[in-house]
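User: Could you take me through this protein? I would like to begin with the place where its parts meet.
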Amino acid sequence: MDTIIGKEELLEEAGSLIRAGQLVAFPTETVYGLGADATNEKAVASIFEAKGRPQDNPLIVHIASADELKNVAREVPESAYELMSIFSPGPLTIVLKKQNGIPKITTGGLDTVGIRIPDHPLALKLIRSAGVPVAAPSANRSGRISPTEAEHVYEDMRGRIPMILDGGKTRVGIESTVLDLTKETPIILRPGAVTAEMLAPFLGKVKTKGGEVLVAEAPGMKYRHYAPVCPASGVKDARTAKEIYNRQLSAGRHPVIIAGEELLRDVPGQYAVLSLGSSPESAMGSLFSSLRKAEKVYDFILLQWFDAEEYASLQNRIEKACGGNCF
Ligand code: TXA
Ligand code: MG
């Protein structure tokens, strides 16, 4: 199968493809999604196949406005509408009880469904043009680094899907916050750019699953994620980074340090580095593309481990990319 890449001009064709049960990758403000008609079992099955994704990992259903909530969810609490009026379109996914029209294959067998309104003009136009809710996981092969550029999607999905809509680099860079509203106390199943602190004023109390997830409540969280093709390990400071770097170099490897500006200030010019900038936003925006760049040129990645609370969502991805390893 040929994979066409294009922009706005492909929108109508993209909408028809989705309606016809085909897959279209599209940009959102977080990462690129791999979209299909969420109500079409066969179409959704082909998402799992194209990604090589385990069947028990539910997909997020994308809609274009809060009016469509009732088509995909039932017993929608007032708080869902309130949160959507504040955070949507945007990087927040809300888990609610699913409507009958959403088949179990879309929700990984669950009676609940994750729903989100993405904040990207191409994504919203695609959903409207398709005229159906669009199920979409991140458009990477299962276990790989989430794509933040059309080119990344092409690397992973070439020949497997008919179309990629190119909307440039994604703005946020890590996936949406997943908030479960079906429990007595709302709980964050996956951290993201919308934090517990931001949500708390509207919910009273929000629980987060800090650290290791033992009970895999977001079914996706138990799987290996964001793995580069070469080994990656965390480092907490410049001294350790340089030490390990030199050890790897002596062993004949080509290491690279991926870190924030502050750490890199203490790393001299002869070291290969990729900068994550100097704020949580810039680091979120560049983590996945830096990993994809690094794995092409280098064969050992040293990735900064962040302790500060503002970096918690990013650190969640970093730990997964490193398989939990830190020097
Ligand atoms: O930013 C994003 O959320 C991107 C863009 C494309 O929207 N999508 C994304 O999808 O990251 P995916 O499939 O890579 O991750 C979805 C996560 C998984 O961890 C999954 O287990 C969880 O959301 N999830 C989805 N539906 C759920 C449900 N009903 N209950 C619990 N967790 C759910
Ligand atoms: Mg994903």
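**Between the domains**

Analyst: In this predicted model, Arg292 and Glu155 form a salt bridge, with their closest N and O atoms 2.9 Å apart.

User: How many salt bridges are there between domain 1 and domain 2?

Analyst: The count is five. There are also 10 residue pairs in polar contact across this interface.

User: Which helix gives the largest share of the side of domain 1 that touches domain 2?

Analyst: Helix α6, residues 150-157, does so with three residues. Sorted by class, that side of domain 1 has seven nonpolar, seven polar and six charged residues.

User: Where does each domain begin and end?

Analyst: Domain 1 covers 4-208, and domain 2 covers 232-321. Their centres, taken over C-alpha atoms, are separated by 29 Å.

User: And what area do they bury between them?

Analyst: The two domains bury about 1,400 Å², and carbon and sulfur atoms account for 52% of it. On the domain 1 side, Ile145, Ile174 and Pro191 supply 41% of the area buried against domain 2, more than any other three residues.

User: Changing topic: which residues are buried in helix α5?

Analyst: In α5, which spans residues 121-130, the buried residues are Leu122, Ala123, Leu124, Leu126, Ile127 and Ala130.

User: What do they pack against?

Analyst: They pack against helix α1 (11-19) and against the strands β2 (24-26), β4 (60-62), β8 (134-135) and β9 (163-165).

User: What follows α5?

Analyst: Gly131 follows α5, and its phi is positive, near 75°.

How values were computed. Residues numbered from 1 in each chain as written. Chains lettered and ligands numbered in written order. Predicted model: local features only at pLDDT ≥ 70, side-chain atom pairs only at ≥ 80, totals over all residues. Heavy atoms only, no water. Buried < 20%, exposed > 50% of the residue type's maximum accessible area, 1.4 Å probe, protein only. Helix = DSSP H or I, 4+ residues; strand = E, 2+ residues; numbered from the N terminus. Contact = heavy atoms within 4.5 Å. Domains from an automatic or database assignment. Buried area = accessible area lost by both parts, 1.4 Å probe. Salt bridge = Lys/Arg side-chain N within 4 Å of Asp/Glu carboxyl O. Polar contact = N/O pair within 3.5 Å; in protein donor to acceptor, adjacent residues only side chain to side chain. Nonpolar A, V, L, I, M, F, W, Y, C, P; charged D, E, K, R; others polar.
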